[in-house]
Amino acid sequence: MQDFSKRFPGVKIHKSSYIDKKVLIGKNTKIWHFSHILTNTNIGEDCSFGQNVVVGPNVNVGNKVKIQNNVSVYEGITIEDEVFCGPSCVFTNVINPRSNIERKDEFKKTIIRKGASIGANATIICGNNLGEYCFIAAGATVTKDVPSYALMAGVPAKRIGWMSKAGAVLKSNLICPIDGSKYILTEKNKLELIEDE
């Protein structure tokens, strides 16, 4: 069991977890039981990693990210600020794995943009980026890029609606029922937040 208090001041790491060398962890981050952070991984401030989380190697995680129990974030994946990864959601990094063929030079990059939420047991196939504040329903399988604010569900995942930045399903008026923010659908079928002047 390791004592992490001197190595990572201001960070709470359960003694059953393991942190490799060349890892940076921001203040106020919490890492719970049986987790493993691999080398060359950078984790931001105010994050929370649940039980049995594996991150890295060579992964960047932003600030205020929540990764729930039983999630592995592999090389090739970048997680921006304020992302939520639900319990047992799955990331991949190779399209055509075979146990007897090493394909580390074929890792596909996947970016999870700011504020995205991924539901429990959802699968993100590598090479597909998730837009800002999108919402991936529990159990969905993402097989293509996801637009910002899109509500995705099913296998394969399809857009079934739009979500606000605050996490509410938007009705046809595109006004968030939580905070009153307004959105507009562009000619290219992309949702954009109308910024207050």
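## Core, aromatic cluster and polar pairs in a predicted model

The largest nonpolar core has 49 residues, and those with the most contacts inside it are Phe49, Phe91, Ile118 and Ile136. Strand S12 (77–79) and strand S20 are the elements that give two or more residues to this core. The structure is a predicted model, and the descriptions below should be read with that in mind. In soluble globular proteins, nonpolar side chains tend to be buried together.

Phe91 offers a view of the surroundings of one such core residue. Once residues up to four places away in sequence are set aside, Phe91 touches Val71, Ser72, Val73, Tyr74, Ile77, Cys85, Ile112, Ile118 and Ile124. Ile118, one of these neighbours, is itself among the residues with the most contacts inside the core.

### Strand pairing

An open sheet of 3 strands runs in the order S14-S17-S19, and its pairing is parallel. Strand S14 (90–91) and S19 form the edges, since each pairs on one side only. The pairing of S14 with S17 is parallel and extends over 2 bridges, and Val90 has Thr123 of S17 as its bridge partner.

Thr141 belongs to the edge strand S19. Its relative accessibility is 18%, so Thr141 counts as buried. Beyond its neighbours within four places in sequence, Thr141 is in contact with Thr123 and Ile125, and also with Gly154, Val155, Pro156 and Ala157. Thr123 therefore appears both as the bridge partner of Val90 and as a contact of Thr141.

### The tyrosine cluster

A search of the whole structure finds 2 aromatic pairs. A pair of aromatic rings is described by the distance of the centres and the angle of the planes. In the stacked pair, Tyr133 and Tyr149 lie 5.9 Å apart from centre to centre, with 15 degrees between the planes. Tyr133 sits in the loop between strand S17 (123–124) and strand S18 (135–136), whereas Tyr149 sits in the loop between strand S19 (141–142) and strand S20 (150–153), so the pair ties together parts that are 16 residues apart in sequence. Both Tyr133 and Tyr149 are buried.

Tyr149 also forms an edge-to-face pair with Tyr183, with 5.2 Å from centre to centre and 70 degrees between the planes. This second pair links distant parts of the chain, because Tyr183 is in strand S22 (residues 183–185) while Tyr149 is in the loop between S19 and S20, 34 residues apart. The relative accessible area of Tyr149 is 6%, and Tyr183, at 4% relative accessibility, likewise counts as buried. Through these ring pairs, Tyr133, Tyr149 and Tyr183 are linked into a cluster.

Gly167 lies in the loop between strand S21 (158–162) and S22. With a relative accessible area of 43%, Gly167 is partly exposed. The C-alpha atoms of Gly167 and Leu151 are separated by 10.0 Å, and the two residues are 16 residues apart along the chain.

### Cysteines and salt bridges

The structure holds 0 disulfides. Why does Cys47 form no bond with Cys85? The sulfur of Cys85 is the closest cysteine sulfur to that of Cys47, but the separation is 10 Å, which is too far for a bond. Cys47 is buried, with a relative accessible area of 2%. Cys134 is also in no disulfide, and its nearest cysteine sulfur, again that of Cys85, is 11 Å away. At 1% relative accessibility, Cys134 counts as buried.

The structure holds 2 salt bridges. Side chains of opposite charge can pair when their charged atoms come close. The two pairs are set out below with the separation of their N and O atoms.

| Salt bridge | N to O distance |
|---|---|
| Arg113 and Glu80 | 2.7 Å |
| Arg103 and Glu106 | 3.4 Å |

The pair of Arg113 and Glu80 links distant parts of the chain, 33 residues apart: Arg113 is in the loop between strand S15 (110–112) and strand S16 (117–118), and Glu80 is in the loop between S12 and strand S13 (84–85). Arg113 is partly exposed, with a relative accessible area of 32%, and Glu80 is also partly exposed, at 23% relative accessibility. In the other pair, Glu106 is partly exposed, with a relative accessible area of 37%, whereas Arg103 is buried, with a relative accessible area of 16%.

Conventions:
Residues are numbered from 1 along each chain as its sequence is written. This is a predicted model: local features need pLDDT of at least 70, side-chain atom pairs count only at pLDDT 80 or more; totals for chains, interfaces and linings use all residues. Side-chain values use heavy atoms; hydrogens and water are left out. Rings of Phe, Tyr and Trp (its six-membered ring) pair if their centres lie within 6.5 Å; planes under 30 degrees apart count as stacked, over 60 as edge-to-face and the rest as tilted. Helices (H or I, at least four residues) and strands (E, at least two) are DSSP runs, numbered from the N terminus. Buried means under 20% relative accessible area, exposed over 50%, partly exposed in between (1.4 Å probe, protein chains only). Contact means heavy atoms within 4.5 Å. Two strands pair if DSSP finds at least two bridges between them. A nonpolar core is a set of buried Ala, Val, Leu, Ile, Met, Phe, Trp, Tyr and Cys residues joined through side-chain atoms within 4.5 Å. A disulfide is a pair of cysteine sulfur atoms within 2.5 Å. A salt bridge is a side-chain nitrogen of Lys or Arg within 4 Å of a carboxyl oxygen of Asp or Glu.
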